Each structure stands twice: as structure tokens, then as C-alpha cells.
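Student: Could we go through this structure together? I would like to take it piece by piece.
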Amino acid sequence: MAFIEVKNISKIYNMGEVSIKAIENVSFSIEKGELVVILGPSGAGKTTVLNILGGMDTATKGSIIIDGKDISKYNRKQLTDYRRYDIGFVFQFYNLVGNLTAIENVSLASQICKNPMDSLTTLDKVGLKDRKDHFPAQLSGGEQQRVSIARALAKNPKLLLCDEPTGALDSKTGRMILELLQDTCHKMNMTTIIITHNAIISEIADKVIKIKNGHIDDIIINKTPKLVKDIDW
Amino acid sequence: MLLLKNSFIKIRKSLGRFFSLIFIVALGSAFFSGIRETSQDMIKTMDNYYDETSLMDYKIVSTMGLTEDDVNSLKELSHAYKVVPSYSYETLIDGNSTKIYAITEEINKVKLIEGRMPTKNNEIIVEDGTYQINDTITLDSSAKDTLKNTTYTVVGTIRSPLYIYENKGISTVGDGKLDTFMYIPEDNFTIDYYTEIYLIASNSTDKISYLDDYLEVTKLLEDELKNLKPIRETARYEEILKEAMQEIYDAEEELQTKKAENDQKFLDALEEIETNEQKLNDAKVAYQNGVNTLNSTKQEMETTFANEKAKIEEGRKQITSTLDKYGIKENQIDTTISTLDNQINSLNQLLNTLDPSSEQYLQVQEQITTLTTSKEGLNQLKTSINTLNQGEEELEQGIATWEKEYQTNKNTLDNSYQDILMGEQELAKGKEEYNTNYQTYQEEIQKANDEIAKAKEEVQNLEKPVWYLLDREDNSGYTTFYESATKVDSIASVFPVFFILVALLMCMNTMTRMIDEERGEIGLFTSLGISKGKIIFSYIFYVLIATTIGLILGLLVGYYIVPHFLFGVYTSSFTIPSLITYFNLKASIIIIIVCFLTMSIVTYIATNRDFKYMPSSLLRPIAPKMGRKVLLEKIPLIWNHLSFIWKVTIRNLFRYKKRIIMTIIGISGCTALLLTGFGIKDSVNSLLDKQFKEIQTYEALLFLEESKEGPTPEITELLSQNNITKEIYTNMESYTFKAQNKTLDVYVMAFSDITNINNYLILKDLEGNNITLDDYGVIITQKMAELLGVQKGDTFQIRNSNNELFILKVSNIAQNYVNNYIYMTPSYYEKIFSSTTYNAIMINFPDDNIEEIGNNLMNSNNFSSIQYTKDNMAIFEDIIDGMNDIVYLIIGFSTFLAITVLYNLTTINISERKREIASLKVLGFHDNEVSTYVYRETIILTIFGIILGIGLGLSLNLFVLTVAETDEILFVKDVHFLSYIYTFIIMLLFTVLVQFITYFILKKINMIDSLKSVE
């Protein structure tokens, strides 16, 4: 059985009399340590998938089995714990706490975990050891995103979810971030899912899941994923 | 137009914010308008009632009643609008001291609550809540001197403008406290003088009672009355003096006449008695003579009889001896004689036969002679026996006759003796009767003389009648009401300002946040070329809609609900009509203008700030606030020991300085309001205990009917009969002093006993040391010393009612909270006022039977009234209840404000950090962890605000109390420890409550928001 098994999930939003199907019958599986890109245009439903995978939302139908546990049956508290212990999240807009230094932002996440990584080590891994006492406002966008990644990694999660991690960054910085993610995935055997609308990024993935209008359009297994430095931005 | 439409849409979208704006404005304006208006409404309501019932402005009573002449001269006064003479009578009915008034048609009109007005003389109307219609009221028979009827039927219940307060003042009957009042038709009064005259001053009805205008108008009449007073007093005095003297002269004349008549009668009676006595004495003498004569006659007779008897006895003896000689017995005499005769005869015959010369013859002849002699002797004896017998018989007859005569005489005498005895008895009786009558007569005359003498003395000592000029302020209900109303006002006046300030601050906060949130929209509008003015106006429009709704609500609540709430307190102790609320247009226009202006300005300032930036920068999100290290981080000793969360909290605390300031000001403001509320409550509540349990500890003041030089045996006996001991006589008089342009009242008290004064009055200086009275100066009370600005050793002036000036020296200043007093020794009193008499007695009761003992004492006629300390307390308690209620209102409003402020601050805090919170949730923070992350700061700020607020509250409390203090009352400015605790707990409770509410708001924050862009 795959590490992540998504079976026939649907998400239906009931807006009064109208019901909108955000995704319908989405099924895929992801192996441990895989770098997966979920690709799709705006409004295709990829964020919904991410939300459901990240335990921020629940599917209306279907099951999501992660490491043998069906999170689709989780209640609010269980979902919170799931996010807390199993998920690392990297936001498009970094979502750092402005009032905390880089290292404190990392600690913020790690201090609630069961067996976190050392904050400083993690920060070192993303190459920001020297800037650990800087506040987000004193860091560039790429640096902020790296802190964000460090924060996600420090939790020592089972799954790293990245929502358009390069969306707010210029290509050069974006590349650095992608490199970091790919590196981490490979070195730490960290299952990583990147959500993006940028098809180029999909080239670095082990598996690409294409979503269109709430349906799985295609699932491509990339036997030879490119290294970030090799892709053409 | 679209912008305005946009504003309406904003309202719909941000109902929470919109309502919180409305609520703040409503709260502020309701509080401000309501509290300011309450006292106005109260005064107007009462003025309305007074006008409706034509409450008198002045009342004149006199110690000797009032006459038609008085009425006429009063009617001539130019400022008198109405002059109405009337009657009243005080008596005990079912144990209640009751004042019965004559119904007056045009003044002091009563309000019928139930039933109807009396139409017949035996009908009565009573205070509402005392008797039922158709009840029968029976008066003491002594009422007959004043009233035609003593039995009445209740036909209606009423309330009277004279008695709006539960404490109805003093009474001359019962326990000295008036319990209730009744009205009967005027015809019932039979006394030939009026007991009172009521007056209404010209134009006074047009003025609002209590206010300066009213006082000005009535002052005109008062001046006239004061001028008329001595004239009428003298006139009445002369009239009474004339009447009294006439009566004395009549009495004297009558006495003389009576004396003249009766004296003669008694003389005649005495003479008769003497004559009778003389007669009796004569009779006695005659009787004695009779007895004497009778006795001597008896003796004489008895001697005579004895002699006779002796003679007879002697005769008998001779006869017997003769008989013995003869050797015969008496009864043998005749036989012997016969024998002798025979012998003689025989011898004669013999003789005849014998020679005469013979011897024998001679012998015989001799024999015959012897025999014949014997015979003759015997005959003689016989004769003498007869004679003797006859004599004896005669004697016996004589004795019998005598004895008869004697008996007759004796009887006669005995009878007359009986007569004499009877006569003596009668005489004695007569004498006794005479003596008794005479004595009675003398006594009567003495009495009459005494009475006349007394009447003369009374006339000589006849005091001038005194007119008492009483105005409305002598009615404790009238003044207490005003006191209560203004006390509310003075306390309340400070709060609204504070309140409005906090409200304004909150409004500013809200608007700033709103504009921060809508930064992008403003940028968009600006970039679309919409003018700055229009954009700002759209926000002002938004605010003003909220303000308008808030004001409408606030003013309605303020003018129509708040006054009722405050007024509700008064209806318990006052018998008054329902409150009439007025919409104070002038005040509300001012409030509206002020609110509109300040809100517009606040909005303008908040909005205008954004126009410093170019539209493009406005379109971009606000750069996140630079995180900054706090000072504490430089102290590693502390910082390194803090948990991570605490570090974050401390860092966060200092992130938004404006928010810190807002929170602290808001919370500390509410805390200060709350603490002040509690503080006022503490002050006024401890005031009474301090004054009446720690300073003036006497339980009652007995006012003497007549001033005394000192304790009298009668009163001492009376008091000890009621187990009252150690009483202290005091002279208590009212004087005035001038301080700060006001004429104020002060009680002067001198005491008969200085050493034991501690039983009744505990004098302590301002530091709390016990102080004593000395003969070199007076002890004055704290507030008075403050007002006069005098210290130990200074002198000051007081004046009596005749405006005479007295100068006193301050020997010490004593703690005191209610009223102003000057205490002194009797000798100092004498030195200053040149006399000492005592007019009151301070007493403590032996047990709780206060009423009963009070009645006993009042029944003795020694006292004119009793002033119970507990009644005094009750009066103040009512004022204090009023104050307490305003305090509850303040606490209530502060509570609302506190909740609003806390809610507002927390929601702003949350809205500012929505992203951050959402991120935390995504990171897997539990709901309670997220909440603590946010609350921790709020709670720290709240606690800090509370601590600051307590400090602020203490100053505010002091300020409010100083403002609210009157010239008679000194507040105890201590805040109880419990009040701090209450304040703290209430604030904390609200904080927790608000956090509880925000917990759900936090819970609802959508994590997915964190994925969105910053704006």
C-alpha cells in the first residue's frame, strides 16, 4: 500500500440551493519520499486537494489514507493533531510571524511537536544560520520562504505540503527554493507535495498529478526527474 | 452616490463593528444625557406636583395661635399671592401620632388616591396606605376641646405635598415622631384661633421650585414677613395680656364677693354653736344642782329616818326592858292588864271588906296601889307602844313617800342628763361640721388666691408670642428630595465626561482599524480618481449613520429610561407622583453636535492619515510591522528563563504600542469608574456608621418642654424608672456662620457633664487622639474648620437668629461627618452667652424597647419631643440609598463599557492578526493554544490596566467625593479592601467573558485565509 492513498474524494460546497463541486472522484497514491507536483490552472481544485490533504478541510466523500490512517474520518481535534504532528506546511506568502525572529519562527512550530528537529540545525540546513536573529521584515522574500520551509521541516513531518512556494518570488529565488525542497525530499526522504500552476516546476517531480475542473486529468510518473538547476524557467 | 451605497454595503458586511460603534455612542450619550437629566426631571416633576397642589411657600405658626387680624395684615403684604388660615390638631390615633388638618381648598391641596373627598363633618380622608375606606377613626375624648366630632368614617385616601417623605418630621404627641396625617372638613374645628396660616408668594408658581429663581421670588415675601413678624407678635401679646389681666381681675372680684358672703355665714354658724353650747352648759349646771339637792335631801331624809328609827328602836328597847321588868311579853300586856284589873277589882272588893285601918287594909290598899301603878304603867306602856307603832307606821309611810318622791326626782334628772349627752353629741357634730366646712372654705379661698397669684405671675412672665416662619425648606421631605436629587447630580456629573472620553477613544480605535483594513479600497478609489474629500466623506457618512442610530438610542434611553431607573429608588421612601420625563432639546442638540463633530474629526484624522501615501502604495499591503526586540531581552537573566510562549507574548505585547495604550486606557478607565462606584458606596455607607456609631453614640435626644438649670429630681426619677441612667443634659441651639459667601448652620452644644461625655459623644482630633473640652475654648467639627479655614487657637464668629454676633475660640477640631457642631463646657457657654440652661437630654436606652420607653417619656409631659438617632440615620440612609443607586448605575454602565472596550480591543486584535492566527492553526496549534496565544497579551494588558485603573480610580473617587460633598456632610474617603477585590474580580471576569466570546470568534477563523495574499 502506498504511503498516501487518496480514493475517490469529492468536495461539494453547498451554497444554499446551489452546490458546487470543487473536486469530484479524485484518486491518486503517493509513495514515501516522493516529490509530487499537483499541477492545474487556477480554480481547478488543486488547493482543495491540498486543503484536504493538509487536514484543513474535509472531503465530502472518499477516503484519504496517510501512513495507514484514514484522515477523512478525523474530527476537528484529530485533524489539528494531524496537522500538528504529521504535516509541514509552506505557504505562498510565507506566513511568518512578523514579531518573531527567524529562529523563533522555527521554534514556534517545533515547540509544539513530539520529536522536532533542532531549530538552529534546521535553519542551518536552509542556509540561514547567520540570519537567525533577523525579523521577517529584515529578510528578503526568498529568505522568508526558506525560514518558512525550515519551520515546516523542524516539525519533522510525515508530509511536506507546499502551496505555490515560489508564487511570490522572482525566478531566481524561486529556483533556490525549489532546489531546497527537492534536496530535502531526497536527502531526508521527505514526502513532498508542491502545488503549482507552473508546468515547468512539474519537471522536477517524481510524480505529476494534473487536475482540471475538479477531476484528475492525468497522472504522470516521471522516471527521471530533472534537477532544479536543469529546468528552464 | 456609489460611495454612499458602498458605505451601506460595508455596514451590512461589518455588522459587528457597526453595532459596536452604535453601542459605544449609545452608551456614552445615554449615560451622559440620562444622568444629567435625571435630577432636572426629578425637580421638574416635583415642581409640577407642587404647582398642581398649590404647595405653600410659607407657613406661619405662633406659640399663641393666630387671629383674623393676623390674616388681614398678611393679606396686605404686596408679595403675598394667597393667604390661607387653617387649623391642625395633633393626637394619638391607635398609638400613632397623627396630625389632623382642615381641608384647604386653595392651598396644600391633597391628591385623592381612592374614594372621595369628605362632604360631611364626620367624614375623614387619610394617608394612602394607612386605613381603608369605611374604617372608623375614633379620637381621644380630649379632642372635643378642638373638634366637633371625635368619630369619623374614612371616605378617601390621599397623598399630600406636605408629606412626600416617609419621615414626616416631629410631633408633639406620642414618641415625638409624626406617623401619619389626615384631613377633615374645616367646620370641625371649634377653637377660636387659627393654628397656622399658609402663604403663597406672588409669581412663585411660575418658577421652578428649589431653583434660584424660586428662592428670589419667595425671598421678597420672606422679607416682608420678617418685618411683619415683630409687629404681629407684639399685637398678639398685648391682646393676650389684656385678656389675661381682665380674667384675673374678674376672678379676684368674684373671690372677694364670695368671701364676703361666706364669711358671715360661717360667723352666724359659729355663734349658733356657741349659744347651743352655753345652753347645754346651763342645763348641765341645773342638772348637777338637781342631783346635788336630791342627794343632800336624800341624806337628810335618811338621817331623819334613821333618827326616827333609832328613837323608835329606843322606845322599843325601853318597852322591851319595861316589859322585861314586867316579865311579860308585849302581846301579854292586855291580858296582864285584864289580870291586873281583875286583881285590883278583887282587891278592891277585898278592901271593901276590910277595915280601912287594918293592916291588912293597908296592905291591900298598898297592893292595890302597886297593882294600879303597874296597871297604869302597863297602860302607859300600851299607849307608848301604840304611839310607837303609830310613829313607826308614820315613819314607814314617810319613807315610802320619800322614796317615791326621790325616784320621781331622780328620773327627771336622769332624763335631763340624757338630754345633755345628746346635746353634747350634737354640739360636737355641729362643731366638727363647722370646722370641716370652714377648712374647706379656707382652702378654696387659698386655692383661688393661689390661682390668681399664679395667673398674675404668669401674666407677668407672659412671654411674647413667637411667630415661627416656616418655608418649604423646613419640610424635611422637600429638602431631602432636593438633596437626593442634587447629590445624584453632583456625583453623576463627573462620570459622563470620563465615559465619553473612553467611548471616543474606542471609536477612534475602531475607525483606525477599519481604515487600515480598507486601505486597498481607499487606494483603489483614489487611483480611480475619486477625490479625497468624497472618500473621507464616505467614511464619515458610515460613522455618522452609526452615531445617529447610537444617539437616537442613547438619548431615548438617557431621557426616558435612565431617569426612571434612578427615580425608582425614591418612590420607596417618597410619596410622590410618577416621574415626568422631559426631552431636553437644548442639551440633546449640544450632545448631537458634539458627538457628530468629534466622531467626524476622529474619522477624518484616521482617514486623512492614509492620504499621505500615494495610491499605489495604498494598493500594496501594509508592510508588516518590523519586529523589534524588547528591552527585557537585554536582561538575559530574566529573558532566558522565560518559556518560549512567554517570550512571544512579551514581544507581541510591545508590537503595537497604540494597542497597548488603547487597552490600558480603556481598561484602566473602566476600572477607575468601577472602583469609584464602589468607593462612593463605601464612603457613604461608612459615613453613617462612623457618625452614629463611633462619634454621636447617643440613642436619642430628649427635648425638654421647658429649659432647666440642670437635672431635676422629677426627671431623674422618671428616667431611672425607665432604666435610663447617666443621662447628660445639653443645650443644643442652632447658630449660623459665614464661610465662602454662604451662611451655614451649626449646632452649638454645651453639656452638663464633661467627664462622662464619652458615653454619648466621642471626640477625637483629626489624628484620632481623644480630646476633651476645656473652659478656654470650643471644639468645632472638621468640616466647619475646613470651611472657615481655622485651626487650633484661632477665633471665629457665629450669629444667632437675631443676628447677634458671638466670637468663639477654637481649642480643638474634632472628627465628624454629618452636620457642623460646636461643643463647649457650660462655663465657657456662660462666658459667651451669659447664661446656661439645658434644653435637651442625651440618653441611651437600656434595651431595644425604644418605642415603648419613648412613649413613656413623652407621656410625662416633661418633653416636647424625642429625636431618635436611628431616625436621623434613616434620613441619611435614604439619601445614601439614592447615591448607592446612582453608583449601581455607574457600575452597570461601566460594566457595559468595560465589556464593549474589551470586546472591541480583542476583536481588533484578532482582526489585525487574522493571518497569523490562521497560520498558527495550520501549524497545528490547538484552539486553546491559539486562544492563549492571543489572550495572554490581553490578560496581561488587562491586569496592568486594572492596576493602573485602581490608582486612577482612587484619584477619581477622591475627586468625585470632594465634588459631591455638601457643607453638612464630610465623606469618609477610604475605599474598602473588598472594593478593590470586587473591582479586580469584575474586570477580570469581564476579561474572561470577552475571551470566552472571542474563543468562538477565533475558532471560526478560517485556516484557508492564511493561504490568501495579504490583502
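Tutor: Certainly. This is a predicted model. A good place to begin is helix α2 of chain B, residues 15-52, which bends by about 35 degrees at Thr38(B).

Student: What follows α2(B), and what is the sign of its phi?

Tutor: Ser54(B) follows α2(B), and its phi is positive, near 50 degrees.

Student: Turning to the sheet in chain B, what is the strand order?

Tutor: The order is β2-β10-β1-β11 in an open sheet of four strands, with antiparallel pairing. The edge strands, each pairing on one side only, are β2 (80-86) and β11 (467-471) of chain B. On average, neighbouring strands of this sheet are turned by 20 degrees against each other, direction ignored.

Student: How many bridges join β1(B) and β10(B)?

Tutor: Three bridges join β1 (residues 58-62) and β10 (residues 196-201) of chain B, in the antiparallel sense. Within this pair, Tyr58(B) has Leu199(B) in β10(B) as its bridge partner.

Student: Which helices pack on that sheet?

Tutor: Helix α3 of chain B, residues 68-75, packs on the sheet and touches β2 and β10 of chain B; its direction makes about 170 degrees with that of β2(B). Helix α4 of chain B, residues 212-326, also packs there, touching β1, β2, β10 and β11 of chain B, and its direction makes about 165 degrees with that of β11(B).

Student: Now chain A. How do β1(A) and β2(A) pair?

Tutor: Strands β1 (residues 4-15) and β2 (residues 18-30) of chain A pair in the antiparallel sense over nine bridges. They form a hairpin with two residues between them, and Gly16(A) in the turn has a positive phi of about 65 degrees. Ile9(A) stands opposite Val26(A) in β2(A).

Student: And at what angle do helices α3(A) and α5(A) pack?

Tutor: Helix α3 (residues 102-110) and helix α5 (residues 141-154) of chain A pack at an angle of about 30 degrees, with their axes 8 Å apart. The angle is therefore such that α3(A) is roughly parallel to α5(A). Their crossing is right-handed.

Student: Which residues meet there?

Tutor: From α3(A), Ala102(A), Asn105(A), Val106(A), Ala109(A) and Ser110(A) meet Val147(A), Ala150(A), Arg151(A) and Ala154(A) in α5(A). By class, the residues of this contact are six nonpolar, two polar and one charged.

Student: Last topic: how many residues of each chain are in contact with the other chain?

Tutor: In chain B 24 residues are in contact with 25 residues of chain A. Two elements of chain B, α13 (644-653) and α20 (914-922), give two or more residues to the side that touches chain A. That side of chain B has 12 nonpolar, seven polar and five charged residues.

Methods
Residues numbered from 1 in each chain as written. Chains lettered and ligands numbered in written order. Predicted model: local features only at pLDDT ≥ 70, side-chain atom pairs only at ≥ 80, totals over all residues. Bend = angle between axes of the 7 residues up to and from the residue. Contact = placed C-beta atoms within 7 Å. Nonpolar A, V, L, I, M, F, W, Y, C, P; charged D, E, K, R; others polar. Pairing = 2+ DSSP bridges. Axes fitted to C-alpha atoms, helices over the stretch in contact; angles between N-to-C directions. Parallel < 35°, antiparallel > 145°, perpendicular 65-115°, else oblique. Left-handed = near helix turned anticlockwise from the far one by under 90°.
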